[in-house]
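Okay everyone, thanks for coming. Let me put the structure up on the screen, and then we'll walk through a few spots together.

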Amino acid sequence: SKAEEKGYISSGLHLMPFKASGHQMCPFASDGCAKACLTFSGQGGIGLDKNNMNMVQRARIARTKVFMEQPGRFWEMFHREMEAFIRKAKRLGLKPTFRPNITSDVPWERKRDPMRGNRTMFEIYEGRVQFMDYTAWPIELRRNVPDSYHLTFSLKEDNDERAYKALESGMCVAVAMDVKKS
């Protein structure tokens, strides 16, 4: 709702973080990061069973496995959902923004769709969608990040040096804090 007040509508992609799907989706996760992970907030944390699972968590695992093991199918589903999201934004008169890493830390600028000219999502949706994410990847490993992909570095208990480098490069740095509402 905050975004809509400013003329934007937001959506994003939830993959299963860490290695819970059998694939490492957060290579720079720390213990503190894992404890504060958004995967168990909102719908992801309601009605968890003894294994800390619910339908939302199972869907994230399935989506992650499709992404890693069936990339053609993943991209087909991704584009269908992205086009629907863009149509919704247009119908509402809002600008679409998209977070590909809500619960993961994939370097999307390196992921290409072979069925769409081997282009990245940023190239495919250039001028139509503003992308944004938080990342713990060292800035020197994030090359060829397009202007339409705004990255904010995530400060954690073990990456002060990387955060300073991110700040020096002009990148925003976010700090998660546990504070009482009062």
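So, what classes of residue make up the lining of the largest pocket? You'll find 17 nonpolar residues there, along with 6 polar and 4 charged ones. Keep in mind that what you're looking at is a predicted model.

That makes 27 lining residues for this pocket, and Cys 33, Ala 36, Leu 38, Tyr 134 and Ser 154 are the ones nearest its centre. If you want to trace the walls by element, look at α2 (31-35), β3 (130-135), β4 (149-155) and β5, since each of them gives at least two residues to the lining. The space inside comes to about 620 Å³. And how do you find a space like that? You roll a probe the size of a water molecule over the atoms, and that shows where empty space is left.

Let's stay with β5 for a second. Covering residues 172-175, β5 is followed by a segment that holds Val 179. Val 179 joins Val 175 and Met 177 in a nonpolar surface patch of about 330 Å². Is Val 179 buried or exposed? Val 179 counts as exposed, because its relative accessibility is 59% and the cut-off for exposed is over 50%.

Okay, on to charges. How many salt bridges does the structure hold? There are 7, and I'll show you a few.

One of them pairs Arg 58 with Asp 49, with the closest N and O atoms 2.8 Å apart. Arg 58 is partly exposed at 38% relative accessibility, and Asp 49 is partly exposed too, at 29%.

Next up, Glu 83 and Arg 128 form a salt bridge, again with 2.8 Å between the closest N and O atoms. This pair ties together distant parts of the chain: Glu 83 sits in helix α4 (residues 71-92), while Arg 128 is in the loop between α5 (121-124) and β3, 45 residues apart. Arg 128 is partly exposed, at 36%.

Last one: Glu 109 meets Arg 142 in a salt bridge, at 2.6 Å from N to O. Here two loops are linked, the one between β2 (95-99) and α5 for Glu 109 and the one between β3 and β4 for Arg 142, with 33 residues separating the pair. Are these two buried or exposed? Glu 109 has a relative accessible area of 6%, so it counts as buried, and Arg 142 is buried as well, at 7%. Asp 105 also belongs to this story, since it is linked with Glu 109 and Arg 142 in a network of salt bridges.

Technical notes. Residues numbered from 1 in each chain as written. Predicted model: local features only at pLDDT ≥ 70, side-chain atom pairs only at ≥ 80, totals over all residues. Heavy atoms only, no water. Patch = residues over 30% accessible without salt bridge, like charges linked within 9 Å, V, L, I, M, F, W, Y side chains within 5 Å. Areas by Shrake-Rupley, 256 points an atom, 1.4 Å probe, with all protein chains shown as cover. Salt bridge = Lys/Arg side-chain N within 4 Å of Asp/Glu carboxyl O. Helix = DSSP H or I, 4+ residues; strand = E, 2+ residues; numbered from the N terminus. Buried < 20%, exposed > 50% of the residue type's maximum accessible area, 1.4 Å probe, protein only. 1 Å grid on protein atoms, 1.4 Å probe; cavity = no way out; pocket = protein on both sides within 12 Å on 5 of 7 lines; lining within 4 Å. Points joined across faces, edges and corners; volume = space filled by probe spheres on them. Nonpolar A, V, L, I, M, F, W, Y, C, P; charged D, E, K, R; others polar.
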